[in-house]
Amino acid sequence: MVATHDRPGHPLRLTARAVDQLLDELATEADLVDEHGAPAASAHTLRHTLGTNLLRQGVDIVVVAELLGHARLDTTRRYTNLRELHQTGEKPQAAC
């Protein structure tokens, strides 16, 4: 895992690349791979899953937006819309 010092005496920071590498290793170890053997878990997938599950559990959309760092509620509402489409079996429409 790769971590860096910002300045001497300050705590280590995890880089985005280090998180991706760690998730790749964990996904591979857990046999979470696609048909080509590539890791099938990512930070984006985990983030999206967190948002979706929080909304399913009834957490206020404003709280979910804050946790995910969304500046606009419309961004967070996409999680709700995707969940509703999944429940009805409809296919999501491509964004314009």
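Guide: Let's start with a word we'll lean on: a residue is buried when its relative accessible area is under 20%, exposed when it is over 50%, and partly exposed in between. Keep in mind that this is a predicted model.

Visitor: Okay, so which residues of helix 2 are buried?

Guide: In helix 2 they are Gly51, Thr52, Leu54 and Leu55. Looking down the axis of helix 2, these buried residues fall within an arc of 165°, so they line one face of the helix.

Visitor: Why would residues a few places apart end up pointing the same way?

Guide: An α-helix has 3.6 residues a turn, so residues three or four places apart point the same way. As for the length of helix 2, its 14 residues should span 20 Å at 1.5 Å a residue, and the end C-alpha atoms are indeed 20 Å apart. After helix 2 comes glycine 58, with a positive phi near 90°.

Visitor: How do I read helix 1, then?

Guide: Try the same recipe. Helix 1 covers residues 16–29, and its 14 residues reach 20 Å from the first C-alpha to the last, close to the 20 Å expected. Ala18, Leu23 and Ala27 are its buried residues. They cover an arc of only 165° around the axis, which puts them on the same side of helix 1. Arg17 and Glu29, on the other side, are exposed.

Visitor: What do the buried residues of helix 1 pack against?

Guide: They pack against strand 2 (12–14) and helix 2 (43–56). For a distance between the two helices' residues, take leucine 23 and leucine 46: they sit 23 residues apart along the chain, with 9.7 Å between their C-alpha atoms. Leucine 46 belongs to helix 2 and is partly exposed, at 46% relative accessible area. Just after helix 1, aspartate 31 has a positive phi of about 60°.

Visitor: Which residues make up the largest nonpolar core?

Guide: For a core, you look for buried nonpolar residues joined through side-chain atoms within 4.5 Å. Here the largest one has five residues: Leu54, Leu55, Val64, Leu68 and Tyr79. Helix 2 and helix 3 (61–68) each supply at least two of them. Valine 64 is a handy place to look around: leaving aside neighbours within four places in sequence, it is in contact with Gly51, Leu54, Leu55, Val59 and Thr76.

Visitor: What about charged side chains? How many salt bridges are there?

Guide: Side chains of opposite charge can pair when their charged atoms come close. The count here is two salt bridges. One joins arginine 72 and aspartate 74, at 2.9 Å from N to O. The other joins aspartate 74 and arginine 77, also listed at 2.9 Å, N to O. Arg72, Asp74 and Arg77 are therefore linked in a network, given that a salt bridge is counted within 4 Å.

Visitor: Where do aspartate 74 and arginine 77 lie?

Guide: Both lie in helix 4 (residues 73–88), three residues apart, about one turn of the helix. Arginine 72 is exposed, at 53% relative accessible area. Aspartate 74 is partly exposed, at 40%, and arginine 77 is also partly exposed, at 38%.

Visitor: And stepping back to the chain, what pattern does it follow?

Guide: It reads β-β-α-α-α-α along the sequence, with four helices and two strands. Of its 96 residues, 17% count as buried. The chain exposes about 7500 Å², and carbon and sulfur atoms supply 55% of that. Finally, of the contacts between residues at least 6 apart in sequence, 15% join residues at least 24 apart.

Notes. Residues are numbered from 1 along each chain as its sequence is written. This is a predicted model: local features need pLDDT of at least 70, side-chain atom pairs count only at pLDDT 80 or more; totals for chains, interfaces and linings use all residues. Side-chain values use heavy atoms; hydrogens and water are left out. The expected span of a helix is 1.5 Å times one less than its number of residues. Buried means under 20% relative accessible area, exposed over 50%, partly exposed in between (1.4 Å probe, protein chains only). The arc is that of the directions from the helix axis to the C-beta atoms. Contact means heavy atoms within 4.5 Å. Accessible areas come from the Shrake-Rupley method with a 1.4 Å probe; for residues, only the protein chains shown count as cover.
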